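Let's take a walk through this one together, a stop at a time. Have the viewer open and follow along.

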Amino acid sequence: MTTVRTNDTNIIVDEEVPLVRIVREFDAPPAKVFAAHTDPALVVRWLGPRGMAMTLDTWDCRRGGEYRYVHEMGGEEYAFHGCFHEVRADERIVQTFTYEGMPDSVALETLTLEALPGGRTRLTGTSLVDSFEDRDAFVASGMEQGVREGYEKLDEVLLAP
């Protein structure tokens with residue numbers, strides 16, 4: 001049996017701008033964490049909360065590429081889409097994010113990867129939305145549980161050879 005150590009996920013809701021910042025460390029080098037965010041075969045294994053089935057309609061993680069995926073649980077579907085603005089290997093991904101249940105709200109998301117001693121990585125993700133109302137709806141949606149569970153699943157994916 002393999003024991004997976006989970007690192008703390010810090011979710012910070014900014015009081016000055018409609019922004020959510022997520023900081024998490026992983027016990028794997030940036031290249032492996034980056035691959036888990038760009039390879040569709042890996043993304044489908046960890047993105048989203050436990051207990052939800054995930055279907056990738058599109059995952060073209062390159063500058064100008066786009067994505068769409070659907071999470072399903074109990075007959076309910078939650079679809080998300082966006083486009084990739086910048087993809088810099090092992091360092092940075094900039095993308096838009098739209099929950100199709102709120103099609104007028106678009107977040108600009110930036111993910112950065114920082115190498116840490118011991119072959120570890122610090123991931124910092126920021127999501128900037130149009131308004132405090134949209135940001136607060138995002139936070140109230142269960143996002144925190146989904147992010148924490150998704151990163152726990154990512155820990156498991158990163159342990160695989």
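Leaving aside its neighbours within four places in sequence, which residues is Ser 127 in contact with? Before we get to that, keep in mind that what you're looking at is a predicted model. The protein chain has a mean pLDDT of 92, with 96% of its residues at 70 or more. Confidence peaks in helix α1 (residues 30-38), where the mean is 98, and it is lowest in helix α3 (residues 132-159), at a mean of 90.

Back to the serine. Ser 127 sits in strand β8, and, once those sequence neighbours are set aside, its contacts are Pro 18, Leu 19, Val 20, Leu 108, Glu 109 and Phe 138. One of these partners, Glu 109, also shares a polar contact with Ser 127, side chain to side chain, at 3.1 Å. Is Ser 127 buried or exposed? Ser 127 counts as buried because its relative accessibility is 8%, and the cut-off for buried is under 20%.

Now slide along to Leu 128, which also belongs to strand β8 (residues 120-128). Here the label changes: Leu 128 counts as partly exposed, because its relative accessibility is 37%, and that class covers the range between the 20% and 50% limits. Leu 128 also helps build a nonpolar surface patch, together with Val 17 and Leu 108, of about 220 Å². You've met Leu 108 already, as one of the residues in contact with Ser 127.

Next, head over to helix α3, where you'll find Gly 150. What does Gly 150 touch, not counting residues up to four places away in sequence? Its partners are Trp 46 and Gly 48. The pairing with Gly 48 is worth pulling up on screen: the two glycines are 102 residues apart in sequence, yet their C-alpha atoms are 4.8 Å apart in space. Gly 150 counts as buried, because its relative accessible area is 2%.

The last stop is a backbone oddity. Most residues other than glycine have a negative phi. Asp 90, though, has a positive phi, near 65°. Where is Asp 90 placed? Look in the loop between β5 (76-88) and β6 (92-99). With a relative accessible area of 30%, Asp 90 is partly exposed.

Methods
Residues are numbered from 1 along each chain as its sequence is written. This is a predicted model: local features need pLDDT of at least 70, side-chain atom pairs count only at pLDDT 80 or more; totals for chains, interfaces and linings use all residues. Side-chain values use heavy atoms; hydrogens and water are left out. pLDDT is the predictor's confidence in each residue, from 0 to 100. Helices (H or I, at least four residues) and strands (E, at least two) are DSSP runs, numbered from the N terminus. Buried means under 20% relative accessible area, exposed over 50%, partly exposed in between (1.4 Å probe, protein chains only). Contact means heavy atoms within 4.5 Å. Patches are made of residues with over 30% relative accessible area and no salt bridge: like charges are joined within 9 Å, nonpolar side chains (Val, Leu, Ile, Met, Phe, Trp, Tyr) within 5 Å. Accessible areas come from the Shrake-Rupley method with a 1.4 Å probe; for residues, only the protein chains shown count as cover. A salt bridge is a side-chain nitrogen of Lys or Arg within 4 Å of a carboxyl oxygen of Asp or Glu. A polar contact is a pair of N or O atoms within 3.5 Å; within protein, one must be able to donate a hydrogen and the other to accept it, and residues adjacent in sequence count only if both atoms are side-chain atoms.
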